[in-house]
Amino acid sequence: MPPNKPPNKPTNPTTTTITTTPINKNIGRHHPKLSTPLPPPPSPSLLFRLLLLTLIGFTILLFLMPALPLMFAQNTQETAEVEVVSAELFLEPLLDKYGYPAINADGTLYPNDQFTLTCHIKLPNSLIFEKAAINYPSEAFNMLNTDDLTSPTGLSAFEVSSEAEAKTYLFTVEIWGREASEPENTSASSSYVITQTTLSVQVVHYDPHFTPLLTYTLPNTNNNSNSSSSGESSFDCPFAQIIRYDGNGPTHNLAQRAIIDDYHWDGYAQKIPQLNTLHQQQLIPNLTVANFFNQTTTIQFLTIGITNNNTPSSSTLLIVDGETLNAGELPKTYSWQINTNHTYTWTKTLQATTVTTTAIDQTPNNPTKPPAQEWFEWQLNLVFPPSSDQIMPLQTNQIPDDEINPLIQQFNSPNGTLTTTPIGSTVTAIYAHNKPLENFAQEQNISKNQTLHCTTPLPLYFNSNQRYAKIQYRLDPQITKALTTQNFTDTLHYNVTTGSTRFGNPNYFTTNFTTQYHFYNKPFNVTAYHWNPTNQTWNPDPTVNITASFKSAFNFTQTDILLWELEEQTTDQTALKLVQTDMYDSDTQTFSGTGTLTANLKQTSPLYYNLHIEAKQKQTVTLQRTIQLNFRNNQSYNLPLNLDPTSPLPISIIADDPQTIQLTLETPTELGGLTTISIYQITKTPPQQKNLEQLPKDQLNLKLQKTLNLTQPQQQIQTPPNYDKQTAQFYQYYEGYSSIFSEALGFCGQTQLALSKDPTLTALTDQGEALLYVEATNVWNTTFHQIIAVQPYSDPKWNIPLNQATIYLTIIIIVAILTSFTIYLIRAKQ
């Protein structure tokens with residue numbers, strides 16, 4: 001928002017004019033043009049002659065009547081010009097250091113305002129100006145300078161004292177002069193006060209009322225969506241506060257101005273421990289009969305985020321039934337009687353052990369300013385059965401699953417009461433590490449006033465016509481880099497104090513702001529792959545034209561969500577309109593490329609996007625899916641595309657028995673994501689055909705053995721060693737273990753396939769091998785295949801049905817148990 005600019009012309013000066021006659025000790029002295037002595041009364045002898053003259057004059061008057069009004073007017077005007085003494089006193093504001101007039105619109109002044117008083121004097125020709133004298137309340141005003149008060153247009157500059165009371169003050173100017181008919185001499189008796197004038201000056205206290213309406217992070221609107229850059233996080237982006245001026249003083253007078261030209265701040269970053277994922281099956285304890293015969297149970301207390309190395313060793317971290325424990329004594333396990341109650345209290349805030357760094361913000365009185373203290377803050381307490389040493393990554397803003405919820409106690413309080421059960425419990429407290437931003441600045445050799453920079457030009461002036469302002473701040477890029485390097489990427493907390501000391505006493509107001517760590521842009525890549533059999537490599541296919549469109553899967557966008565959140569904070573429509581200027585367009589985002597398409601996707605949807613891709617080679621292939629994108633990280637979202645049916649299908653045999661076979665499918669991402677896989681038995685080969693791989697599928701005699709859907713998740717999971725746990729979601733399929741990326745459109749990774757051989761699976765090759773035709777289809781409807789040779793079906797050497805063997809084994813176990821129990825009873829009687 002551009003800063004307020006000073007007006008082209010200063011505010012109209014305050015004037016007063018008083019016309020008067022002499023008022024000093026010489027008021028009664030003779031003046032030939034201002035006073036005339038009265039004549040003596042006429043004698044009786046003259047009455048007749050006066051009567052005659054009156055009659056003659058009346059006769060002449062009858063003839064001169066038309067000209068009398070004009071003559072009277074002229075004589076009257078001439079007399080006024082000669083006999084009137086006037087003095088005008090002007091108050092003209094000076095410009096402050098920012099170029100603004102130092103006066104309010106209603107003519108009032110603040111402490112420290114500056115102005116000039118100018119007296120314009122008009123005298124008749126019979127009087128000569130000598131000097132002017134200004135009388136003013138020196139307890140409230142300071143005279144800055146006096147310019148030629150011996151001139152009829154002399155002036156003086158004044159400043160309102162910073163300690164001036166709020167009231168009306170009088171300035172008086174006395175004009176000294178002498179009569180023109182008198183000779184000039186230097187004696188004081190020849191000059192006298194010929195007139196005086198006064199001016200009322202009202203001083204008011206500076207007590208502005210500001211209302212902070214909104215504070216929000218500005219999305220990265222300047223990033224080109226076609227750029228390959230990864231975008232900025234919410235820590236990098238500036239944040240803005242919108243404030244409204246509601247007038248000055250107890251009456252909220254909008255005719256009196258306000259100013260913001262200074263700010264102070266403090267803030268800290270927060271780091272919550274990165275917790276290992278604990279599957280809900282691991283929360284269910286292993287119940288055994290022995291547990292219910294025990295009279296005691298074990299209860300373990302431990303913490304996440306606090307160690308003996310980062311906290312003072314003497315600090316109390318936990319109190320259990322009155323016993324105090326520090327970080328070095330945890331974890332600790334108690335053995336308590338079942339069905340007994342025990343109390344525990346975690347320390348809410350704990351000081352962290354910090355390393356002193358060299359201070360940048362030094363002063364003569366404090367040359368080695370120590371860093372601000374870091375501390376740990378209690379975030380969450382979980383109570384688990386003692387079946388695992390891992391915990392779920394639950395934070396205070398997350399809701400646990402219904403199955404886990406009964407295991408969580410005292411969710412919002414560090415104090416708790418525990419009732420022991422036969423299965424025991426593990427009581428875990430999670431602490432967040434808080435570090436002041438000033439500490440990061442000291443580590444990076446950055447001064448505090450450079451750490452958080454106000455990008456809005458100051459000062460900002462406010463009046464009845466300019467009541468709103470948007471002030472933007474941005475964190476130094478080196479600080480944001482240090483935050484991510486040290487994993488302080490949970491939240492940032494700011495306290496910004498804004499105001500001015502321009503008008504006497506300091507006047508400030510504070511706004512608070514918290515932002516979560518996430519990205520507004522996500523890089524993505526769509527690449528069309530084809531296989532180079534010569535080099536045995538995957539290469540982008542330049543013959544494929546790609547067009548990708550992303551649209552919010554909901555009937556609202558991320559911009560709508562932000563505006564809704566802000567509307568809950570204020571109903572001020574002017575402020576909300578100022579916010580809208582910072583929001584980017586949330587329409588469909590469309591990108592195009594050849595072979596490879598790389599771009600930056602703006603966060604216009606809260607979570608899900610409707611993806612529409614067209615891949616055009618010899619024909620156009622269209623794909624429409626709803627996908628989930630994670631903006632908590634800036635890892636590239638990759639969409640592999642494959643329209644090349646000659647691409648190899650990497651499938652291998654890991655076990656080949658007479659009646660079963662086990663296969664491993666190692667699916668690379670370059671295949672474009674598989675959806676189904678089918679296994680056929682080749683029942684007959686064409687005559688004299690040596691290279692079956694080159695034959696079309698319809699020229700082979702095939703019998704379907706099995707078809708698997710590779711996108712249907714099952715219950716258990718297994719983590720493949722080659723995939724990042726934090727970016728992949730793992731599933732198990734019907735026939736073994738497999739994995740799938742949560743952001744992928746189809747299956748990629750490793751899976752195992754088991755197949756029961758059919759008795760019709762006979763040998764077809766000269767080596768006595770049977771042939772299987774394995775075919776896979778990707779999400780682009782491209783099919784890949786491989787022919788593998790396996791042993792033909794053969795009967796086993798012994799043929800006991802599996803269920804029958806299970807029955808035999810169960811009978812043997814029961815007989816053994818009964819025999820052991822009988823022996824135990826016999827020995828007990830003996």
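**Exercise 1. Determine how strand S36 is joined to S41, and place both in their sheet.**

Solution. Step 1: strand S36 (residues 660-667) and S41 run antiparallel and are joined by 8 bridges. Strands here are DSSP runs of E with at least two residues, helices are runs of H or I with at least four residues, and both are numbered from the N terminus. Two strands pair if DSSP finds at least two bridges between them. The model is a predicted one, in which local features need pLDDT of at least 70 and side-chain atom pairs count only at pLDDT 80 or more, while totals for chains, interfaces and linings use all residues. Residues are numbered from 1 along each chain as its sequence is written, and side-chain values use heavy atoms, with hydrogens and water left out.

Step 2: one residue pair in this ladder is Ile-661 with its bridge partner Leu-755 in S41.

Step 3: the sheet is open, has 3 strands with antiparallel pairing, and follows the order S35-S36-S41. Strand S35 (651-656) and strand S41 (749-756) each have a single partner strand, so one side of each is left without a neighbour in the sheet. From one strand to the next, the twist averages 25°; axes are lines fitted to C-alpha atoms, for helices over the stretch in contact, and angles run from 0 to 180 degrees between N-to-C directions.

**Exercise 2. Describe the sheet that contains S9, S10, S24 and S22.**

Solution. Step 1: the order S9-S10-S24-S22 defines an open sheet of 4 strands with antiparallel pairing. Step 2: strand S9 (208-217) and S22 are the edge strands, and each pairs on one side only. Step 3: on average, neighbouring strands of this sheet are turned by 25° against each other, direction ignored. Step 4: S22 is joined to strand S24 (residues 468-475) by 3 bridges, and the two run antiparallel. Leu-452 stands opposite Leu-475 in S24.

**Exercise 3. Identify the pairings of strand S29 with S30 and with S32.**

Solution. Step 1: strand S29 (residues 545-552) pairs with strand S30 (residues 589-594) in the antiparallel sense over 6 bridges. Asn-545 has Thr-594 in S30 as its bridge partner. Step 2: S29 also pairs with strand S32 (residues 608-616), in the antiparallel sense over 8 bridges. There, Ile-546 stands opposite Ala-615 in S32. Step 3: a general rule may be kept in mind when viewing such strands. In a regular strand the side chains alternate between the two faces of the sheet.

**Exercise 4. Locate the cis peptide bonds at Pro-331 and Pro-459, and the positive phi values of His-252 and Gln-536.**

Solution. Step 1: most residues other than glycine have a negative phi, and most peptide bonds are trans.

Step 2: Leu-330 and Pro-331 are joined by a cis peptide bond with omega of about 0°. Pro-331 lies in the loop between strand S15 (323-325) and strand S16 (332-337). The bond from Leu-458 to Pro-459 is also cis, with omega near 15°, and Pro-459 is in the loop between strand S22 (452-454) and strand S23 (460-462).

Step 3: His-252, not a glycine, has a positive phi of about 55°. His-252 is placed in the loop between strand S10 (239-248) and strand S11 (258-260). At 36% relative accessibility, His-252 is partly exposed; buried means under 20% relative accessible area, exposed over 50%, and partly exposed in between (1.4 Å probe, protein chains only).

Step 4: Gln-536 has a positive phi near 55° and is found in the loop between strand S27 (521-532) and strand S28 (537-540). Its relative accessible area of 52% makes Gln-536 exposed.

**Exercise 5. Characterise the surroundings of Gln-681.**

Solution. Step 1: Gln-681 belongs to strand S37 (residues 674-684). Step 2: with a relative accessible area of 1%, Gln-681 is buried. Step 3: the side chain of Gln-681 reaches the backbone oxygen of Thr-760 at 2.7 Å. Step 4: not counting residues up to four places away in sequence, Gln-681 touches several residues, including Asn-701, Gln-705, Asp-758, Thr-760 and Leu-772. Contact means heavy atoms within 4.5 Å.

**Exercise 6. Summarise the chain as a whole.**

Solution. Step 1: the chain has 8 helices and 43 strands. Step 2: of its 830 residues, 42% are buried. Step 3: among contacts between residues at least 6 apart in sequence, 73% join residues at least 24 apart.

Technical notes: Polar contact = N/O pair within 3.5 Å; in protein donor to acceptor, adjacent residues only side chain to side chain.
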